[in-house]
Amino acid sequence: MKDQEYKDVTLLAAKIRRDVLALLQHRGYGHIGGSLSLVETYAVLYARQLRHDASDPKWEGRDRIVLSKGHAGPVMYSTLAEEGYFPKEWLMTMNDGGTHLPSHTDRLKTPGVDMTTGSLGQGTSTAAGIAYALRQKGSNNYVYLIVGDGELNEGQCWEAFQFIASKGLSNCIVLVDNNKKQLDGTCEEVMKPFDIEQKMRSFGFYTQKVNGQNVRAIDDAINCAKDHKSSANCIVLDTVKGAGVPYFENAYMNHSMKWNNDEINKATDEAIAYLDNFIGRSEA
Ligand SMILES: Cc1ncc(C[n+]2csc(CCOP(=O)(O)OP(=O)(O)O)c2C)c(N)n1
């Protein structure tokens with residue numbers, strides 16, 4: 001990635017992170033931790049990897065994203081708004097009655113959302129189906145399937161992975177958000193996940209593990225996955241739940257939080273001010 005490209009991706013990441021914070025603070029509650037851990041991944045996908053057209057969200061030649069951990073809607077919406085899929089004002093309507101942006105992603109409500117998700121595990125099967133159908137049609141488009149590490153507790157994931165690997169669907173790139181936490185504790189505490197990389201390898205995936213907060217590492221891994229056409233591909237993203245904002249990284253219960261005290265509002269205000277400053281300097 002050349003220096004200018006790197007700057008473009010980090011600028012987009014800063015904008016997405018700022019928008020996630022602003023919309024959740026405005027809403028007063030929501031899924032902060034698992035949205036922030038995916039910011040760099042979304043920035044790389046939209047700035048570098050995805051074939052897409054904001055003016056034509058249903059364009060047949062687009063790559064697809066299935067955000068199986070659909071509760072991370074805020075990171076998807078912030079990215080789509082920055083990419084021009086809809087007006088940024090929509091971000092402040094998340095979860096209002098009649099909104100285009102429900103807290104969990106819905107393909108019938110939001111331009112740029114390809115699959116309805118929220119019931120953990122189900123997105124893995126729908127992504128497998130989409131990848132299989134694209135392959136059958138002779139399309140060279142990719143499906144990026146984003147799953148949580150807590151989500152991997154769902155047995156359905158492993159049935160879908162077996163299908164993806166057994167059909168050799170190298171057009172389906174599985175991205176595991178390995179932020180080590182789930183809803184009510186760490187993954188270790190809730191149900192020991194064992195070695196995710198090893199499990200994916202034994203299921204037949206060409207598997208890489210990278211720093212999921214490092215845009216160059218993510219971009220390189222996706223390029224490498226695209227070059228690897230002889231089997232299904234998985235990238236385990238080593239991430240931090242709440243990434244990029246110390247207050248949210250350090251909060252033990254940072255899955256879904258409420259903006260109901262001075263401390264959380266101050267931390268959010270400071271993070272937004274810092275990001276706005278970074279964005280301003282980058283765009284100057
Ligand atoms: C089938 C199903 N069971 C339970 C839930 C409730 N739930 C929502 S998010 C979540 C934890 C998910 O953890 P993870 O996939 O690691 O998400 P992240 O930490 O990355 O946000 C749970 C149990 C759900 N949405 N769907």
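What share of the 284 residues of the protein chain count as buried? The share is 55%, where buried means under 20% relative accessible area, exposed means over 50%, and partly exposed is in between, with a 1.4 Å probe and protein chains only.

Before going on, some ground rules. This is a predicted model, in which local features need pLDDT of at least 70 and side-chain atom pairs count only at pLDDT 80 or more, while totals for chains, interfaces and linings use all residues. Residues are numbered from 1 along each chain as its sequence is written, and side-chain values use heavy atoms, with hydrogens and water left out.

I will start with the overall picture. The protein chain has 11 helices and 7 strands; these are DSSP runs, H or I of at least four residues for helices and E of at least two for strands, numbered from the N terminus. Along the principal axes, the C-alpha atoms fill a box of roughly 50 × 45 × 40 Å. The radius of gyration of the chain is 18 Å, which agrees with the value near 19 Å for a compact globule of 284 residues. That radius is taken over C-alpha atoms, and the globule rule is 2.2 Å times the number of residues to the power 0.38.

Next, contacts, meaning heavy atoms within 4.5 Å. Among contacts in the chain with a separation of 6 or more, 75% are between residues 24 or more positions apart. The accessible surface of the chain is about 12,100 Å², and carbon and sulfur atoms hold 49% of that. These areas come from the Shrake-Rupley method with a 1.4 Å probe, and for residues only the protein chains shown count as cover.

Now the interior. In soluble globular proteins, nonpolar side chains tend to be buried together. A nonpolar core here is a set of buried Ala, Val, Leu, Ile, Met, Phe, Trp, Tyr and Cys residues joined through side-chain atoms within 4.5 Å. The largest one has 58 residues, and Tyr42 and Tyr46 touch the most other members. Helix 1, residues 3–27, gives the largest share of this core, with 11 residues. There is also a second, separate core of 26 residues, including Ala127 and Cys234.

Both tyrosines are among the buried residues of helix 3. That helix runs over residues 39–49, and 9 of its 11 residues are buried, so it is largely enclosed by the rest of the structure. Setting aside neighbours within four places in sequence, Tyr46 is in contact with residues including Leu12, His52, Ile65, Met76 and Gly112.

After helix 3 comes Arg51, in the loop that leads to strand 2 (64–67). Is Arg51 buried or partly exposed? Arg51 counts as partly exposed, because its relative accessibility is 29%. Leaving out residues up to four places away in sequence, Arg51 touches Trp59, Asp63 and Tyr142, among others. Its side chain reaches the backbone oxygen of Asn140 at 2.9 Å. That is a polar contact, a pair of N or O atoms within 3.5 Å; within protein, one must be able to donate a hydrogen and the other to accept it, and residues adjacent in sequence count only if both atoms are side-chain atoms.

His31 is another loop residue, placed between strand 1 (29–30) and helix 2 (33–36). His31 counts as buried because its relative accessibility is 15%. A polar atom of the His31 side chain lies 3.4 Å from the backbone oxygen of His71.

His71 brings us to the ligand. Which residues come nearest to the ligand, of the 18 around it? They are Lys69, His71, Gly118, Gly150 and Lys241, where near means that a heavy atom of the residue lies within 4 Å. A polar side-chain atom of Lys69 is 2.8 Å from a ligand oxygen atom. For Gly150, a backbone N or O atom lies 2.8 Å from an oxygen atom of the ligand. A polar backbone atom of Lys181 is 2.9 Å from a ligand oxygen. On its own the ligand has 600 Å² of accessible area, and the protein covers 78% of it.

Last, two backbone details. Lys180 is not a glycine, yet has a positive phi of about 70 degrees. Lys180 lies in the loop between strand 4 (172–178) and helix 7 (187–190). Asn95, also not a glycine, has a positive phi of about 75 degrees. Asn95 sits in the loop between helix 4 (73–82) and helix 5 (122–137), and is partly exposed at 31% relative accessible area.
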